[in-house]
Amino acid sequence: MNPYDADIVVWSERQGELLRRRAAGDLVNETELDWVNIAEEIESSGRTERSALRSHIATVLEHLIKLQASAATDPRNGCKETINRARDDIDRALIDSPSMRRLVAGIIAAETPRSARQVTRSLALHGEQSVVDVASLTFTEDQVLADWFPASA
């Protein structure tokens, strides 16, 4: 079994050490550098960051929709707290990877219908009917990213 498949932590530490030595000008055994899996891990890191951003945006959308769709009064502050935490996570992700900012509008457009369906299912589980047509709700980047809550909240 190759080291990558046997223990990715040991593999990554070794590959990092080899790459740092090579970058410093030291001679390393090129056959020890697992270029195919190094490239895969680098690409995977980007996918992971995009997936996390998508998840945080979906969390904001879901709770913004709940604030508009649910007649219940008790969970409103909890929804706002969840939105604020997810917005902080989005902010950190965009600080760490500013290039992802260009993805935000597309993620909002893709995740809004999914979040609306999730809210519809959630309300049904709690015996609630939506007070608005959740499928018609839309949100701007500013509404998702900034300190904004629906008037009904």
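**Entry 1: Phe139.** I began with the surroundings of Phe139 in this predicted model. Setting aside neighbours within four places in sequence, I listed its contacts as Leu61, Leu64, Ile65, Gln68, Ile108, Thr112, Val144 and Trp148.

**Entry 2: the cores.** I then looked up the largest nonpolar core, which has 25 residues. Phe139 is among the members that touch the most others, together with Leu53, Ile57, Val60, Ile65 and Val144. I asked which helices each supply at least two residues of this core. They are helix 3 (35-69), helix 4 (76-96) and helix 5 (104-125). Helix 3 gives the most, with 8 residues. I also noted a second, separate core of 6 residues, including Trp11, Leu18, Leu33 and Ile38.

**Entry 3: helix 5.** I next examined the length of helix 5. At 1.5 Å a residue, its 22 residues should span 32 Å, and the end C-alpha atoms are 30 Å apart, so the two values agree. I located a kink of about 35 degrees at Glu111, shortly before the proline Pro113.

I recorded the buried residues of this helix as Val104, Ile107, Ile108, Glu111, Thr112, Ser115, Ala116, Val119, Ser122 and Leu123. Glu111, where the kink lies, is thus entered among the buried residues. I reminded myself that an α-helix has 3.6 residues a turn, so residues three or four places apart point the same way. What covers the buried residues of helix 5 includes helix 3, helix 4 and helix 6 (141-145). Two of these buried residues, Ile108 and Thr112, are also contacts of Phe139. Just after the helix, I found that Gly127 takes a positive phi of about 70 degrees.

**Entry 4: the largest pocket.** I looked up how much space lies in the largest pocket. The value is about 160 Å³. Its lining consists of Lys66, Leu67, Ser70, Ala72, Pro75, Arg76, Cys79, Ser122, Leu123, His126 and Glu128. Helix 3, helix 4 and helix 5 each supply at least two of the lining residues. I noted that Ser122 and Leu123 line the pocket and are also listed as buried in helix 5.

**Entry 5: Ala39.** Finally, I turned to Ala39, which lies in helix 3. I asked whether Ala39 counts as buried, partly exposed or exposed. Its relative accessibility is 34%, and because the partly exposed class lies between 20% and 50%, Ala39 counts as partly exposed. I also checked its separation from Gly106: the two residues are 67 residues apart in sequence and 26 Å apart in space, C-alpha to C-alpha.

Conventions:
Residues are numbered from 1 along each chain as its sequence is written. This is a predicted model: local features need pLDDT of at least 70, side-chain atom pairs count only at pLDDT 80 or more; totals for chains, interfaces and linings use all residues. Side-chain values use heavy atoms; hydrogens and water are left out. A nonpolar core is a set of buried Ala, Val, Leu, Ile, Met, Phe, Trp, Tyr and Cys residues joined through side-chain atoms within 4.5 Å. Buried means under 20% relative accessible area, exposed over 50%, partly exposed in between (1.4 Å probe, protein chains only). Helices (H or I, at least four residues) and strands (E, at least two) are DSSP runs, numbered from the N terminus. Contact means heavy atoms within 4.5 Å. The expected span of a helix is 1.5 Å times one less than its number of residues. The bend at a residue is the angle between axes fitted to the seven residues ending there and the seven starting there. On a 1 Å grid over the protein atoms alone, a cavity is a set of points where a 1.4 Å probe fits but cannot get out, and a pocket is an open set with protein on both sides within 12 Å along at least five of seven lines; lining residues have an atom within 4 Å of a point. Grid points are joined across faces, edges and corners, and a volume is the space filled by probe spheres set on the points.
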